[in-house]
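Student: I'd like a close look at one thing only: the enclosed spaces in this protein. Please tell me what lines them, then stay with the part of the fold around them.

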Amino acid sequence: MSNLLSVDTALERMLKDFQPLSPEEITLDEALGRVLSSDIVSPVNIPAFANASMDGFAVRAEETTSAQTEFPLSLPISMDIPAGTFPEKSLSPGTVARIMTGAPIPDGANAVIPVELTDAFWTINAQETLPESVALKQAARRGDNIRLIGEDIQIGQVVISADTVLRAEEIGVLASIGRGRLLVYRRPRVAIVSTGDELVDIHDQLQRGQIYDSNSYALAALVESYGGTCVRLPIARDTVSDVRAAFLSALEHDPDIIISSAGVSVGAFDVVRTVINGLGRVDFWKINVRPGKPLAYGRVGEVPYFGLPGNPVSAMVTFDLFVRPAICRLAGRSLDVPTIMATTGEDIYSDGRRSYLRVRLIHTDGEYIAHLTGTQSSGALTSMVKADGLLVVPEDVKFVPAGTQLSVRKLRTF
Ligand code: AMP
Ligand code: MG
């Protein structure tokens with residue numbers, strides 16, 4: 001076991017090669033999933049002005065104390081304040097202003113009485129002539145139904161901080177402060193090469209003995225789900241000339257990372273090793289991990305290179321362990337993976353390597369039970385489809401009885 005590199009050591013060595021990419025400017029409608037590269041400071045207060053949170057009547061609260069359902073208080077209406085207008089005068093003492101939700105509170109008023117607590121009729125398009133007076137059926141307290149200036153966001157406040165992944169929530173806030181352009185980290189560009197004499201693209205005809213290339217599609221989807229963009233190169237046959245041509249055309253796309261899959265198992269590695277050694281350099285690592293012991297890491301030209309195993313589950317799991325953190329580092333994203341403790345639902349045998357087993361999580365009686373998703377063959381991709389996460393069986397453990405607490409790395413939820 002000692003000649004195998006631990007997952008943590010391998011990751012630590014690789015991550016030294018990655019720093020966040022330089023920022024670029026985008027418009028707000030391109031912002032979903034992008035990562036802010038600097039703090040956003042609000043140039044405005046939100047609300048920008050005190051406004052009504054209900055349709056009703058702006059009043060001076062102290063003038064309404066006698067209003068009750070049985071003895072409504074009738075007051076003259078001296079102003080009408082539809083949304084989108086701004087009251088130029090202050091509210092005359094002893095009068096009220098008809099006001100719409102979101103419309104500015106006039107100076108002098110300090111509360112809003114909702115229309116439901118008056119005798120007024122209100123249609124959505126209240127274009128009818130303003131009644132002369134209104135009967136208030138309830139007294140107001142100061143501040144009732146008023147949204148104060150700056151109650152959500154204050155001028156000068158950091159409203160979204162650097163390194164935030166922008167979701168609908170942040171995008172809404174940025175629009176509310178009128179922020180149309182943003183600096184975000186550039187998306188990592190990743191070139192993906194599948195190697196193998198048996199592989200056929202999904203658009204081509206399968207012959208006996210051949211299989212479809214699934215890795216380049218699954219890996220491209222993973223790259224994109226962590227904020228990268230991809231180029232999938234044509235499948236390379238297991239020859240030095242074909243693999244070399246594939247890496248050279250990968251370089252033409254000016255990628256930040258090059259990934260290949262397959263051809264790193266013992267015996268098969270020579271082709272890839274020969275090519276990469278010619279174009280850059282390669283370290284071949286045997287990692288204390290299951291699935292996915294063999295992994296190549298190095299450079300193609302100056303570009304960081306990951307040679308992942310060919311088995312589809314191994315390719316996805318090693319991507320999650322090693323490539324995802326590299327992409328996240330480039331993209332300015334957190335490297336953390338949501339991890340929970342779960343109770344194993346069955347006896348599990350392992351081989352002493354750190355193992356990442358596909359599990360479904362079932363929440364029962366306040367705890368998560370982790371059930372293996374059927375066969376754990378590294379060729380069985382549906383075990384990934386069914387999985388909520390990867391159960392981590394530590395190194396040097398060969399048997400885990402049912403009922404053991406272990407950690408589970410959650411897989412993405414979309
Ligand atoms: P290798 O690393 O070349 O020994 O491949 C290991 C296993 O992964 C073999 O069963 C291959 O057929 C399979 N494999 C390799 N590349 C791919 C791919 N791109 N898509 C699906 N399966 C693959
Ligand atoms: Mg092969």
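Tutor: Let's fix the term first: on a 1 Å grid over the protein atoms alone, a cavity is a set of points where a 1.4 Å probe fits but cannot get out, and its lining residues have an atom within 4 Å of a point. Points are joined across faces, edges and corners, and a volume is the space filled by probe spheres set on them. This is a predicted model, where local features need pLDDT of at least 70, side-chain atom pairs count only at pLDDT 80 or more, and totals for chains, interfaces and linings use all residues. As for bookkeeping, residues are numbered from 1 along each chain as its sequence is written, chains are lettered from A and ligands numbered from 1 in the order in which they are written, and side-chain values use heavy atoms, leaving out hydrogens and water.

Searching the whole structure turns up two cavities of 30 Å³ or more. The largest holds about 50 Å³ of space. Around it sit Gly-33, Arg-34, Val-35, Tyr-185, Arg-186, Arg-187, Pro-188, Gly-227, Ala-331 and Arg-333. Sorted by class, that's four nonpolar, two polar and four charged residues, with Ala, Val, Leu, Ile, Met, Phe, Trp, Tyr, Cys and Pro counted as nonpolar, Asp, Glu, Lys and Arg as charged, and the others, Gly among them, as polar. Domain 1 (7-20 + 187-331) and domain 2 (23-46 + 153-185) each give at least three residues to this lining; the bounds come from an automatic or database domain assignment.

The second largest cavity comes out at about 40 Å³. Its lining is Leu-222, Met-316, Phe-319, Asp-320, Met-384, Leu-411 and Arg-412, which makes five nonpolar, no polar and two charged. Helix H6 supplies the largest share, three residues. (Helices, H or I with at least four residues, and strands, E with at least two, are DSSP runs numbered from the N terminus.)

So what does H6 lie on? Helix H6 (residues 312-331) crosses strand E12 (189-194), E16, E19 and E20, at about 165 degrees to E20. Angles here run from 0 to 180 degrees between N-to-C directions, with axes as lines fitted to C-alpha atoms, for helices over the stretch in contact; contact means heavy atoms within 4.5 Å.

Those strands belong to an open, mixed sheet of six, ordered E15-E12-E16-E20-E19-E17. Two strands pair if DSSP finds at least two bridges between them. At the edges, strand E15 (229-232) and strand E17 (280-286) each pair on one side only. Neighbours in this sheet are turned by 20 degrees against each other on average, direction ignored. Further in, strand E16 (residues 257-261) runs parallel to strand E20 (residues 303-308), joined by four bridges, and Ile-258 stands opposite Tyr-305 in E20. Helix H5 (residues 269-279) packs on the sheet too, touching E17, strand E19 (294-300) and E20, with its direction at about 145 degrees to that of E17.

Two backbone details in the loops are worth a glance. Asp-254, in the loop between helix H4 (240-252) and E16, has a positive phi of about 50 degrees although it's not a glycine. The peptide bond joining Arg-290 and Pro-291 is cis, with omega about 0 degrees, and Pro-291 lies in the loop between strand E18 (289-290) and E19. For context, most residues other than glycine have a negative phi, and most peptide bonds are trans.

Key. 1 Å grid on protein atoms, 1.4 Å probe; cavity = no way out; pocket = protein on both sides within 12 Å on 5 of 7 lines; lining within 4 Å.
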